[in-house]
Amino acid sequence: MPPRRARVAVDIGGTFTDLVCIDANGELHRAKADSTPEALEVAVLEVLARSGVDPASVDSFLHGSTVVINAITERSGARTALVTTRGFRDVLEIARANRPDLYNLRYAKPEPFVPRHLRLEVTERVSYRGDVLTPLDESELAGVAQQLRDLEVDAVAVSFLHAWIRPQHEARVALVLREMLPGVMVVASHEVSRQWREYERSNTAVLSAYVQPVVATYLAALATGLESVGVDAQLYAMQSAGGVCSFDRALRAPITMLESGPVAGVTAAAALGRQLGIRHLLTLDIGGTTAKTSAVIDGVVPVNTLHYIGKTPHFAGYPVQVPVVDIVEIGTGGGSIAEVDAAGGLHVGPRSAGAVPGPACYGKGGEHATVTDANILTGRLDAEYFLGGTVELETDAASRAMARVADGLGVATEEAARGVLRFAVAQMANALRLVTLRRGHDPRDFTLVAFGGNGPLHAALLARELGITRVVIPPGPGHFSAFGMLEGSMTAQAVQTFVGPLASTDVAALLRRVERDAQAELSEPATSVQRYLELRYQGQEHTLEIPVPAAGDLLAGLVEEFNRRSEREYAFSLDAPLEVVAARVELAVQGIAVPWVADDNDDVPRHPTGTRVVDFDRHGGLLEAVVRDRRSLTVGEVVAGPCVIEEAASTTLVLPGQTVRRDEHGNLVLEE
Amino acid sequence: MEADRFTLDILREAFLAVAEEMFVSLQRTSQSPVVYEVLDFGVGLADAKGELVSQGNGVAGFLGPLGDAVQATLQRITDLVPGDVVVTNDPYAGGGTHLSDVAMVRPIFVDGELVAFAAAKAHWTDVGGRDPGSWSSSTISVYQEGLQLPFVRAWRGGRLDNDIVAMIKANSRLPEQALGDLMAQGACLEVAERRVQELCARYGVATVTAAMHEVLERSERLARATLATLPHGVFEAEDLADRDGVGNGPFAVRVRVEIGPDGVHCDFTGSHPEVPGPINCTWSGLVSGVRTVFKAITDPVEPATDGWFRPLRITCPPGTLFTAQRPAPVAAYFESTEIASDLVWKALATACPDRLTAGHFLSVCSTSLSCRHPDTGEDALLVEPHAGGWGAGLDVDGQSGLVSVGDGETYIIPVEVAEQRYGILVERFALNIQPAAGAGRHRGGWGLIREYRILSDQAILTVAMGRHDAPPWGVDGGAVGSPNYVEIEYANGTTSEQFGKASAVTVHRGDLIRIVTGSGGGWGAPGGRVHDSIVADLRGGYLTLDIANSTYGYQPG
């Protein structure tokens, strides 16, 4: 029997399900399969079979999936009811009443996940200070249970006013309903959020209840499937705030599995940064439809405690009060479509050609010119070595599609291709500025970590645009997110709203309490603790989250850091007292240190060393660039741009004036 | 560097990013709840002639004032230097609305050349005057409405003018908030300046200037292109504006809209002269109200610039409800701005059914409640708009509980936050279901009921609601909606009349204020409503069986 020490991470994305494994001998395996949205576990088992990993050797199975977000966006969750404080059953339907689409006078607000006839009220009331104003009327509960039974619901959310400070009424009702309604999933709001704002907290509880039965079914099917192929491993689920938790815990608060792949990409980049000793890094994750970025400052992965599902500039979306890694996403990726509007203006994205029909050069019927087509036409991508030469691209189709854009703009096709890329890169640069300059950071202090299929292709251009002098491209950039899951730190988060003047708040006691709540979610003692306070100037609404200093004068340290951050982010500071609004504690049990290893296996044919003509546009025009297969680079060898580094699922462009080398871990390092 | 067309496209997006950044900066740093919760503010970037090239708006009502404020600044102040910031709230001059809306304008220079302007206008919580919160529904002249700041420099060459600061401080009941907003607005203008200077350093002043020109031209081209898709002809509407808060009215108002291939002309001639109470608006308010609906029927999504509105012409003689002259009271000007929107909307509803609905509850439904917080002993002032019911569309029911056309990305205050901050007890927050109101083939959406129990010894209430006297209109046989109102249940068991306007009413501990907004109008005769929709409404408790029978002709089974 082989030693049971293989560690497997499987990440389900919209298009592909990725597997990365470090086996008992420390060797790396990767596999990819098409995702199977109708039964997600099928692709998981398929990709495991393809990987050749011995199921019996798997010790830890780490998993990120789209099961939660799919259930919400497709509205395929459970028939869910809401039990709330008397007088407030319409809160879920009223929402916050905002109209983000200002001039659309036929705007339709988000439809609540619980319709009115499934929203029931109970007599009880607690004040904002946590005093009981009206005791819970226990005599109503049997009737409520009967109504819920008659309504044939599968799940119930219980959300009472001010349960963020005094959850006893909610807890009692949840307990009674669980007893009276066996088989019905009951979620109380305080179990998923201890933050104030009744609509947001109710919606969080409702969505958690709504997805719970779906998630339970899925995780059970997956566990059974894994068992049936001989996997007997610890099972972990990826969390939206980074890190993992046991399947058991994920079942109790499934809403924390909302985001996985993109989050794993950021935590993987942070882990890579720790290994390489990078202080501040910017992630750049470019896929087919979007570009995503996040700023990891001093090694800290940024987390928001309020996240919106489906929010756009024209739609309010659904808020959830769960910690989610702060990622800025824009609709510009490889498949983004270039269009000319009625006034002759160019737009790239957010419309995407997706995987089907895909960019015009795929030859699968795509009529629209995309960013990928522009990259083919400028020679930045090699039409003959796409996905390692496994897919043949049609340059003519790309050219025909781009000619239509060029006509609309009144320029030559080549010029249109350059313009599309210039525009796309400018859009991506705006996203990078959003997480740096607009928050008071200088991008030149950052290292760019680029991954996703299209990250390495645009990284050099973005670095030049923003004055960034170092870019790191990890091995297997297309699998990087799944790779990041391998680390598998177990994490737990607790957030507690607590409003009061900073000067008179016992901050240490508050943090101890929140830390206890977080620790209760972990099965082992934490190996690292991060403590944060949400603070604001008294009289202000918006808060800044400030890390709590580990040593020194706590209050003075918090005030100083708050003023500094406020000045940096908003060019604004006041001589006003501070108010505490919430405390957050992040605990982790360190997983393994991911061994970054170069992927030099030869299952994909190597790109021959040579040269090709590449259009570098404003960075030197048409130049003969050196072309190298990534595997052919030796550690210590420095190649000067203009050059192109090819690998199976990605292409790295290096501009004139930049150099590229391969470090001892197999990363490509571009320097200016 | 030559201004190639891709650079122009890239700069077009960059100007939007500047406005967005200004918007977030101001929202995050403001001290006024009306700014950071209600988002009653607008920011923008204008070219050197004062034409707005990009803007960030929290509410619809800022489609006129920003560019006007910059242009008036240019006319009045001829010796602008880098680092100057001009402050104005003059309601009757360029960009003016009411005194609470304070506009600030900063010229942006690059190497001594005037390249652009940054402007921000925001509702300050208190600028002095007769009433706490500065606006009321019963002033009879602007001199009761607060401190006037007629195009004065708050910063001169980058240095804060302490004389202006001292005047603001002395005039506001909440000087920390007022000065906090002065600083927050100043900071957001500085952010814009920095960004524009960066763009000029990168692309050159000539290119940035050319890009601004192109943005305006492009907007105009797009707007003109949409005119071809609109029905051409003359459309008219008339209505009644609610009473003015000091005992007069209602007042007849009218519009004649002419849509042709070259433009849209809205003529308000024949509308009632300016009135003694504070519901008058001035030119900028009228322009904003009309532009909102023009934007809705042309293209709601494209960024709004001053170029977009070049095909729109507005006519209205001076001295009407929509074009009040000094010293007419204007504290509740937003009521007439909305009426201007609503009139054009009503004239065009059946002509543009893919863009417009039946009448909605229309009013910002502003209330202000001033009390001493019973737990902290500190003064608290709750100024808020209320959400209500929207009208049905040709093919959809109306929306329930949505802020009015004059608001926008405006968030109502959570119950849990309101109780903590203002020391009131919210006893109910619910849909105001009036099954017969707004009945139709498609029915209007519901308004809301929000109840405040007073826990302090006393509190002062001011209310300015429109659509109390005349309910929202229906279309094509759809029923009218229901009115907006406030009533007070006193601790002694008596209840006040329902009212739409009230100024500085004193209430006491134990009294309950009930704020009620109306349903939108219906579209199409109720008899045409499909059976399934009636059944669904009955199930949801949106409809009673007798109204289902009497109004909709519903037979169970």
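**Reading contacts, strands and domains in a two-chain model**

Tutor: In this predicted model, 66 residues of chain B are in contact with 51 residues of chain A.

Student: What makes residues of chain B count as being in contact with residues of chain A?

Tutor: Two residues are in contact if their C-beta atoms, placed from the backbone, lie within 7 Å, and 66 residues of chain B are in contact with 51 residues of chain A on that basis.

Student: Which element gives the most to the side of chain B that touches chain A?

Tutor: Helix H1(B) does, with 11 residues, while helices H5 (175-203) and H6 (205-227) of chain B are among the elements that each supply at least two.

Student: How many residues on the side of chain B that touches chain A are called nonpolar, polar or charged?

Tutor: That side divides into 29 nonpolar, 17 polar and 20 charged residues.

Student: What makes the contact of H5(B) with H6(B) have no charged residues?

Tutor: The two helices pack at an angle of about 115°, with their axes 6 Å apart, and the contact is made by Leu199(B), Cys200(B) and Tyr203(B) of H5(B) together with Val205(B), Thr207(B) and Val208(B) of H6(B). Since the charged class holds Asp, Glu, Lys and Arg, the contact comes out as five nonpolar, one polar and no charged residues.

Student: Why are strands S15 and S19 of chain B called paired?

Tutor: Pairing needs at least two bridges between the strands, and five bridges join S15 (residues 447-453) to S19 (residues 512-516), so these two strands of chain B pair. They run antiparallel, and the bridge partner of Ile449(B) in S19(B) is Val516(B).

Student: How do you know that strand S17 of chain B pairs with S19(B)?

Tutor: The reasoning is again that at least two bridges are required, and five bridges join S17 (residues 485-489) to S19(B), so the requirement is met. These strands run antiparallel, and Glu487(B) stands opposite Arg514(B) in S19(B).

Student: Into which domains is chain A divided?

Tutor: Chain A is divided into domain 1 (6-72 + 216-257), domain 2 (73-214), domain 3 (490-589) and domain 4 (610-671). The C-alpha centres of domain 1 and domain 2 of chain A lie 31 Å apart, and their contact takes 12 residues from domain 1 and 13 residues from domain 2.

Student: Which helix gives the most to the side of domain 1 of chain A that touches domain 2 of chain A?

Tutor: Helix H2(A) does, with six residues, and by class that side of domain 1 of chain A has 10 nonpolar, two polar and no charged residues.

Note on methods:
Residues numbered from 1 in each chain as written. Chains lettered and ligands numbered in written order. Predicted model: local features only at pLDDT ≥ 70, side-chain atom pairs only at ≥ 80, totals over all residues. Helix = DSSP H or I, 4+ residues; strand = E, 2+ residues; numbered from the N terminus. Axes fitted to C-alpha atoms, helices over the stretch in contact; angles between N-to-C directions. Domains from an automatic or database assignment.
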